[in-house]
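Colleague: Got a minute to go through this one with me? I'd like to talk about how the parts fit together and what sits around the ligand.

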Amino acid sequence: MTPELLPPQSYRFGLLGWPLGHSLSPQIHAAALEASGLSGTYHLFPIPPLPDGAGLLQEIIERFRRQELHGLNVTIPHKQTILPLLDGLTDQAMAIGAVNLVYLEGQRLLGDNSDAPALLLDLQHCFSLQNQVGTALVLGAGGAARAAVYALLQAGWQVYVAARRVEAAQRLVADLAPPASVGGMDPLASLPLGADALAKLPVCDLLINATPVGMPPLADSTPWPDGVPFPAGVKIYDMVYNPAQTKLVRSARAGGHQAANGLGMLVEQAALSFERWTGSNAPRPAMLAAATDSLDTIG
Ligand code: NAP
């Protein structure tokens with residue numbers, strides 16, 4: 001039997017990634033700890049991509065095993081490279097193939113993916129979806145797109161994935177597609193991220209940008225092709241949140257569409273992490289306020 005872990009007197013959390021210059025996570029978690037009356041700190045661990053960062057990555061994991069750390073978030077480029085260092089994955093992290101949250105359960109270091117539930121919760125919040133489903137289009141085929149596709153399929157959406165390298169979208173479809181319903185439409189399909197393909201999309205209720213297009217150094221760009229009107233009635237969610245109004249969000253609103261940035265998703269994945277590590281309810285309003293203030297400071 002593994003001994004129960006007692007809560008530490010002071011929590012030590014952190015974020016692994018590269019680069020981490022503008023991360024909002026330290027401020028979001030500092031606000032969560034303070035509003036919950038808990039003592040603790042949140043550190044940034046900039047670890048270069050492998051192979052250069054392999055030793056540092058191993059060292060941080062060993063510190064976690066020694067309980068010198070009590071919670072880790074993981075971002076680009078280590079969401080996949082960390083997998084072999086962990087003792088197990090939740091079902092959703094296994095299906096998505098990427099981890100953004102590491103925690104200790106007994107003596108086992110486990111990985112989860114809180115981006116997927118965080119996106120669904122924020123979509124409900126931003127667009128008052130009330131469990132409504134339809135057809136979604138996800139732009140990009142990286143880790144965030146995989147989490148989005150997984151979450152939307154689980155919730156019952158039909159999903160198209162568009163990527164500039166269509167083979168990356170095809171690979172995502174091969175990895176995540178559920179069995180097609182007999183005689184029905186495939187619940188997941190790929191297409192190239194280009195004007196011709198997107199202009200022909202028969203229907204699209206929800207568009208999600210899961211590419212970095214719209215954030216610096218691509219802040220003057222939008223992933224949606226020039227000259228193609230947005231599908232009628234589409235709601236647009238941009239996972240990018242810096243700047244707060246990306247070019248995609250601005251053009252969506254100018255066309256009369258509901259649009260939101262990804263700040264709520266960022267805060268929600270942080271809240272889910274905090275709850276996993278501390279067992280306390282996350283103080284979401286304080287966390288969102290800290291994120292918004294920090295973004296204003298950066299911007
Ligand atoms: P990733 O694994 O590197 O994937 C990025 C994807 O975008 C790839 O498919 C990539 O295609 C594509 N892409 C990159 N530049 C492009 C361009 N100029 N035009 C078209 N496609 C392009 O990154 P990720 O982890 O999925 O993150 C994607 C974005 O989501 C980032 O901006 C990240 O900050 C944001 N994100 C936000 C949250 C949140 O909580 N709001 C959470 C996770 C991620 P190639 O493979 O061809 O390069």
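Modeller: Here's a quick run through the domains, their interface and the ligand site.
Modeller: It's a predicted model, so local features need pLDDT of at least 70, side-chain atom pairs count only at pLDDT 80 or more, and totals for chains, interfaces and linings use all residues. Residues are numbered from 1 along each chain as its sequence is written, and side-chain values use heavy atoms, leaving out hydrogens and water.

Colleague: Fine. What are the domain bounds?
Modeller: Domain 1 is 11-113 + 266-298 and domain 2 is 116-261, with bounds from an automatic or database domain assignment.

Colleague: How much area is buried between domain 1 and domain 2?
Modeller: About 1100 Å², and carbon and sulfur atoms give 70% of that. Buried area here is the accessible area (1.4 Å probe) the two parts lose on being put together, summed over both.

Colleague: And how many salt bridges across the interface of domain 1 and domain 2?
Modeller: Zero by the rule, which wants a side-chain nitrogen of Lys or Arg within 4 Å of a carboxyl oxygen of Asp or Glu.

Colleague: Switching topic: which residues come nearest to the ligand?
Modeller: Of the 21 around the ligand, A141, A144, R164, R165 and G262; "around" means a heavy atom within 4 Å.

Colleague: Which ligand atom is 2.9 Å from a polar backbone atom of G262?
Modeller: A nitrogen atom. Ligand oxygen atoms turn up 2.9 Å from a backbone N or O atom of A141 and 3.1 Å from a polar backbone atom of G143.

Terms used. Polar contact = N/O pair within 3.5 Å; in protein donor to acceptor, adjacent residues only side chain to side chain.
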